[in-house]
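Visitor: I am new here. Show me the model, and let me ask how its labels are earned.

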Amino acid sequence: MAATPMPKRLPEPIINENAKIVLQRRYLRKDTEGTPFENYRELFWRVASSIAAEEKKYADSVYTVSKLAREFYDLMTSYRFLPNSPTLMNAGTDLGQLAACFVLPVEDSIEGIFDSVKHAAMIHKSGGGTGFSFSRLRPKDSVVGSTGGVASGPLSFLRIFNCATEQIKQGGTRRGANMGILRVDHPDIMEFIKAKERDGELNNFNLSVGLTEAFMRAVEKGEDYELVDPKTGLVSGTLNAGEVFGILVQKAWESGDPGMVFLDRVNRDNPTPAQGDMESTNPCGEQPLLPYEACNLGSINLGLVYAAGQNGHDSEIDWDELKRIVHLAVRFLDNVIDASNYPLPQITETVERNRKIGLGVMGWADLLFQLGIPYNSQKAVDLAERVMKFIRDESRAASKQLAKERGPFPAYADSVFGKADLGPYRNATTTTIAPTGTLSIIGGCSSGVEPLFALSFVRNVMDGDRLVETNPHFETALKNANAHSASLMEEVAKKGSIASMEFLPEDVRRVFVTAMDIEPMWHLKMQAAFQKYTDNAVSKTVNLPNEATQEHIREIYWKAYEYGCKGVTVYRDGCKSSQVLCTGDSE
Ligand code: CDP
């Protein structure tokens with residue numbers, strides 16, 4: 001749809017140094033020589049104007065296209081909200097694929113499997129990530145009817161997907177990310193659990209074991225459980241649930257993989273059960289989807305809704321501003337659905353039927369720093385619930401407003417909302433918490449709902465580029481406490497954490513905690529607090545120190561189940577040879 005021409009007096013966005021590197025590498029449009037032919041202002045205007053242009057279709061809109069384009073531009077260039085990377089890269093371009101998250105089915109046939117490999121390649125090329133369940137594939141060594149030979153099983157096919165991904169770099173720059181899921185009652189589950197035990201194996205995949213309530217009950221009781229051949233539906237053997245759980249814990253302790261996803265719980269929250277089960281999530285786990293479904297995400301920077309206390313009042317959140325951002329962001333994300341070209345007709349159909357969007361947050365640790373609330377405190381967990389409840393309620397209100405202007409999502413009548421007469425809503429889901437790996441660099445904020453990895457650190461990005469970053473709130477706090485000095489900053493950059501620096505004021509040490517200072521249970525409580533009010537799921541890593549035992553991981557897995565999380569990912573410091581983020585010490 002034709003976009004509004006760029007107004008002459010459009011303000012120039014302020015881009016931080018790290019963002020410049022990322023935007024130049026991946027986001028600015030380039031000619032065939034690889035030279036950018038748009039500047040930062042043109043990039044954000046391209047996105048704002050093309051997403052706003054969709055508004056033309058809706059006669060009952062409360063906005064004009066040009067006014068909305070300008071609001072979207074201001075929203076993004078103030079970094080209050082950013083849409084997921086494919087939207088920034090591809091909006092207003094011929095490719096026009098704008099969603100980050102896809103789930104593809106893998107059928108139990110050679111044709112089905114290789115269709116899926118091809119579809120994944122098409123999605124990776126456009127900057128999207130793919131999730132697959134391999135649970136429908138018949139187990140290794142079972143008979144193949146057409147040839148009388150034996151099947152090679154899910155793991156050997158997983159390697160083909162991995163290899164194909166290796167060859168296709170997304171959008172010419174970033175490598176595709178995948179999620180592979182296998183149900184715990186698949187006969188090949190033990191091989192799957194051990195699949196990444198060698199470093200570098202299946203490096204383009206995150207793996208998660210799909211756990212069921214029945215399995216968790218069997219673990220509790222120390223009972224055996226049945227393995228079911230998906231092809232025949234027959235029981236092909238039994239395993240002891242406790243032993244399987246133990247090996248799962250051991251492998252996660254060794255390498256961080258596999259994670260877990262609670263499939264029954266994911267499906268309990270399925271808003272459109274009439275369309276079947278959700279069997280997989282996107283690569284980072286925050287977005288469960290139906291087969292051939294996609295979802296676009298966007299994140300609000302919470303660090304920017306901080307309101308400093310006035311006239312002796314405590315610092316707070318600017319709730320009116322947050323509400324304004326949520327409503328505008330929901331309109332943005334709903335327009336993205338219309339503006340996006342999906343790589344397959346089946347995907348277009350499913351997306352347009354359910355119109356899922358995933359609005360989430362980043363800058364959570366920045367907000368806590370400003371409010372002076374330690375991440376590892378009940379106060380922070382309570383505030384997380386309050387903030388996310390507010391965002392979910394307001395995003396649903398915004399979705400209702402859109403339904404008035406544009407009609408509900410087509411599958412509404414058959415959805416849980418339609419059946420309970422709760423709507424009408426424009427979107428089957430509105431909230432997801434993404435990792436915001438790149439968005440947080442562009443926004444210059446802490447990522448997702450994670451604590452900082454380090455107060456000052458060296459970030460390794462793409463092809464060995466190194467970026468040095470110190471948290472600005474930390475610098476301000478040190479200056480206010482008259483404790484700032486160049487030598488101290490160097491020391492902090494080396495250590496990452498200030499936990500052992502007893503000469504620093506106690507309140508500064510309490511508030512400025514990093515991922516490794518935080519007890520794993522607080523990580524989990526924070527994940528659960530955000531999950532409570534998130535329609536889809538929450539991307540979060542539970543960080544553990546190197547000396548954590550398997551027993552610690554077992555406890556976290558179990559508590560994740562009890563706290564109502566949809567999945568869990570643990571990471572024990574130093575357990576993999578290459579880390580995305582490094583403190584100075586680990587260089
Ligand atoms: O910050 P950005 O929008 O680039 O992405 P993110 O929030 O870190 O990740 C969101 C989702 O984008 C992931 O769960 C994947 O579905 C997808 N993604 C991908 O496919 N490939 C990557 N290299 C990074 C993210």
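Visitor: How many residues of each class are in the shell around the ligand?

Guide: Nine are nonpolar, eight are polar and two are charged. Nonpolar means Ala, Val, Leu, Ile, Met, Phe, Trp, Tyr, Cys or Pro; charged means Asp, Glu, Lys or Arg; the others, Gly among them, are polar. The model is predicted: local features need pLDDT of at least 70, side-chain atom pairs count only at pLDDT 80 or more, and totals for chains, interfaces and linings use all residues. Residues are numbered from 1 along each chain as its sequence is written.

Visitor: What makes a residue count as near the ligand, and which are closest?

Guide: Its C-beta atom, placed from the backbone, must lie within 6 Å of the molecule. In this model 19 residues surround the ligand. The closest are Ser85, Ala100, Gly129, Cys284 and Gly437.

Visitor: Which domains supply that shell?

Guide: Domain 1 and domain 2 each give at least three residues to the shell around the ligand. Domain 1 covers 1–97 + 296–452 + 520–538 + 547–579, and domain 2 covers 101–281. The bounds come from an automatic or database domain assignment.

Visitor: How many residues does each domain put into the contact between them?

Guide: The C-alpha centres of domain 1 and domain 2 lie 28 Å apart. Their contact takes 36 residues from domain 1 and 32 residues from domain 2. Two residues are in contact if their C-beta atoms, placed from the backbone, lie within 7 Å.

Visitor: Which element gives the most on the side of domain 1?

Guide: β20 does, with six residues. Elements that each supply at least two residues to this side include α1 (17–27), α12 (345–354), α21 (550–562) and β20 (567–572). Helices (H or I, at least four residues) and strands (E, at least two) are DSSP runs, numbered from the N terminus. By class, this side of domain 1 has 19 nonpolar, ten polar and seven charged residues.

Visitor: Now the helix pairs. Why is α5 called roughly parallel to α6?

Guide: Helix α5 (residues 110–125) and helix α6 (residues 153–167) cross at roughly 30 degrees, and their axes come within 10 Å. That angle makes α5 roughly parallel to α6. The labels go by angle: under 35 degrees is roughly parallel, over 145 roughly antiparallel, 65 to 115 roughly perpendicular, and the rest oblique. Axes are lines fitted to C-alpha atoms, for helices over the stretch in contact, and angles run from 0 to 180 degrees between N-to-C directions.

Visitor: Which residues make that contact?

Guide: Ile113, Val117, Ala120, Ala121 and His124 come from α5. Phe157, Ile160, Phe161, Ala164 and Thr165 come from α6. Eight of the contact residues are nonpolar, two are polar and none is charged.

Visitor: Why is α2 called oblique to α3?

Guide: Helix α2 (residues 40–53) and helix α3 (residues 65–77) pack at about 140 degrees, with axes 8 Å apart. That makes α2 oblique to α3. Their contact has 13 nonpolar, two polar and no charged residues.

Visitor: Is the crossing of α2 and α3 left-handed or right-handed?

Guide: Right-handed. A crossing is left-handed if the near helix is turned anticlockwise from the far one by less than a right angle, and right-handed if clockwise.

Visitor: Why are α9 and α21 called roughly perpendicular?

Guide: The axes of helix α9 (residues 241–255) and α21 cross at roughly 115 degrees and come within 9 Å. The two helices are therefore roughly perpendicular to each other. Val249, Gln250, Ala252 and Trp253 of α9 meet Gln550, Ile553, Arg554 and Tyr557 of α21. Five of these residues are nonpolar, two polar and one charged.

Visitor: What are the omega values at the cis peptide bonds before proline 258 and proline 424?

Guide: Omega is about -5 degrees between aspartate 257 and proline 258. It is near -5 degrees from glycine 423 to proline 424. Most peptide bonds are trans. Proline 258 lies in the loop between α9 and β10 (259–262).

Visitor: What makes leucine 202 worth a look?

Guide: Its phi is near 45 degrees, a positive value in a residue other than glycine. Most residues other than glycine have a negative phi. Leucine 202 sits in the loop between α7 (189–193) and β7 (205–211).
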